[in-house]
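Student: I have a model open and would like to check the words used for it against their cut-offs. Could we go through them together?

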Amino acid sequence: MSINVQIERNCSKQSKIKVRKGRIAISELTNKQEKFLLALITTPTTLKASEKAGITESTAYRYMKLPAFKEAQRKLMRELMATVTGRLQYEATASVNVLAELRDNPDTPPYSRVEASKILLEMAFKTYELGDVLERIEQLEEKSK
């Protein structure tokens with residue numbers, strides 16, 4: 001079995017996690033382990049996840065110690081975080097636009113305009129800094145080959 005994690009946004013702007021069959025191979029797990037793994041990311045506690053998967057809590061903790069389960073969980077979390085990161089990048093444009101509008105609007109209180117400007121400058125610097133670090137890492141990786 002493999003899964004695909006997707007974040008959807010409904011009209012009230014709340015996000016929910018949707019798990020579908022797709023990209024992450026977790027075929028080394030039993031059906032109950034797969035069900036428990038998916039329950040882990042959609043419920044707030046291990047107890048609730050175990051109940052949702054139809055297993056005992058002690059079985060859940062035993063599953064979580066298995067190397068194959070740990071690896072499947074890591075893969076799932078990476079996919080989930082990649083989806084979240086993509087969503088954040090999508091939403092970032094609108095957020096930057098709001099900050100720029102606040103900064104440029106003469107009716108916005110001066111303190112808010114200064115704060116918006118500071119945030120924009122900080123984001124620009126962090127983006128530049130991250131790009132520079134990534135470029136240096138790529139250069140080092142190329143030299144090590």
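Student: What makes the crossing of α1 and α4 right-handed?

Tutor: The near helix is turned clockwise from the far one by less than a right angle (anticlockwise would be left-handed), so the crossing of α1 and α4 is called right-handed. This is a predicted model, where local features need pLDDT of at least 70, side-chain atom pairs count only at pLDDT 80 or more, and totals for chains, interfaces and linings use all residues. Residues are numbered from 1 along each chain as its sequence is written, and side-chain values use heavy atoms, leaving out hydrogens and water.

Student: Why is α1 called oblique to α4?

Tutor: Their axes come within 11 Å and cross at roughly 40 degrees. Angles under 35 degrees count as roughly parallel, over 145 as roughly antiparallel, 65 to 115 as roughly perpendicular and the rest as oblique, so α1 is oblique to α4.

Student: And why is α2 called roughly perpendicular to α3?

Tutor: The axes of α2 and α3 (residues 57–65) come within 9 Å and cross at roughly 100 degrees. That angle makes α2 roughly perpendicular to α3.

Student: How do you know that Thr43 is buried?

Tutor: Its relative accessible area is 18%. Buried means under 20%, exposed over 50% and partly exposed in between, with a 1.4 Å probe and protein chains only, so Thr43 is buried. Thr43 sits in the loop between α1 (31–42) and α2 (46–53).

Key: Helices (H or I, at least four residues) and strands (E, at least two) are DSSP runs, numbered from the N terminus. Axes are lines fitted to C-alpha atoms, for helices over the stretch in contact, and angles run from 0 to 180 degrees between N-to-C directions.
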